[in-house]
Structures are given as structure tokens and as C-alpha cells.
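User: I am a first-year student, and I would like a close look at one part of this protein. Please explain each term as you go along.

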Amino acid sequence: MWTAKLAFATALLTTAPAFSQNSDMTMDARSLLTACSTLGESWISFCHGVVQAVHDASLLHGRTPICVPAGTSRAHLADLLARRVSAAIAADPSRGDYLGVALAHAIFANEYPCGD
């Protein structure tokens, strides 16, 4: 467990510049947290779409794949994402500026690594 946490922390620290973006077309982690923790059908649907996109994008060449167990709902993943993003920002407020989908990918890859 500690090994996974250490690897996750190392990944965040060593790739932080790549996670930080400043553009009108990107969603930072703070905005992703807002989207995934706001009640309302539109926000829930939006967050579920982000979750699906992050999962599907992990299958692209060169990305760390995410192996979510069969039967895991998007609602469960959205809840996990909101809790972990909130904790990451609470631990270091500058993480709120990270690219939201990059942080989401790191969270899911850490939580659901694929077997070798």
C-alpha cells in the first residue's frame, strides 16, 4: 500500500508542470472538483462523461492503462474522483491548478492499476 502511495506522490511531484495548464479550453482540477461535487443532473452527467473520457483515453498508446473492475459504476468512480481531488487540493492548494483530466488519470491509474 505504501509503495503505491509513494509511487502516486512521486508521479504527482515529478509531472506537476505537465499537469498545470492555463487555457480557456482546459479544465483545472479545482473546476473538475466543482463539477463532480455539484448536485444536479447536468453536473452529474458531465462528471460521468469526464470519468468515461479519462478511462477511454487511458487506452491510447503511451498512456498508463486503467483497469477498473467489471461492475464498477461511473457514479462510484465520480465519487472516488471527487474525494481524491479534494484531498489532493487540501494537501497542496497548487494542485487545484493541475490539468483536471491529468490528475483524474493519475488517481484512477493509482486506484485501478492493470496487472502485468
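Analyst: What follows looks at the packing of two helices and then at two residues in the helices around it.

This is a predicted model, in which local features need pLDDT of at least 70 and side-chain atom pairs count only at pLDDT 80 or more, while totals for chains, interfaces and linings use all residues. Residues are numbered from 1 along each chain as its sequence is written, and side-chain values use heavy atoms, with hydrogens and water left out.

The protein has five helices and zero strands, where helices (H or I, at least four residues) and strands (E, at least two) are DSSP runs numbered from the N terminus. Of its 116 residues, 32% are buried; buried means under 20% relative accessible area, exposed over 50%, and partly exposed in between, with a 1.4 Å probe and protein chains only.

Helix 3, residues 41–57, packs against helix 4, residues 74–91, at an angle of about 90 degrees, and their axes are 9 Å apart. Axes here are lines fitted to C-alpha atoms, for helices over the stretch in contact, and angles run from 0 to 180 degrees between N-to-C directions. Helix 3 and helix 4 are therefore roughly perpendicular to each other, since angles under 35 degrees count as roughly parallel, over 145 as roughly antiparallel, 65 to 115 as roughly perpendicular and the rest as oblique. On the side of helix 3 the contact (heavy atoms within 4.5 Å) is made by C47, H48, V51 and Q52, and on the side of helix 4 by R74, A75, L77, A78 and L81. Sorted by class, this contact has six nonpolar, two polar and one charged residues, where Ala, Val, Leu, Ile, Met, Phe, Trp, Tyr, Cys and Pro count as nonpolar, Asp, Glu, Lys and Arg as charged, and the others, Gly among them, as polar.

Helix 4 also holds L80, which counts as buried because its relative accessible area is 3%. Leaving aside neighbours within four places in sequence, L80 is in contact with F108, E111 and Y112. L80 and C36 are 44 residues apart in sequence, yet their C-alpha atoms are 9.7 Å apart in space.

Turning to helix 5, which spans residues 100–111, we find H105, and H105 counts as buried because its relative accessibility is 9%. Not counting residues up to four places away in sequence, H105 touches V54, S58, R63, T64 and I66. With T64 there is a further detail, as a polar atom of the H105 side chain lies 2.7 Å from the backbone oxygen of T64.

Note on methods. Polar contact = N/O pair within 3.5 Å; in protein donor to acceptor, adjacent residues only side chain to side chain.
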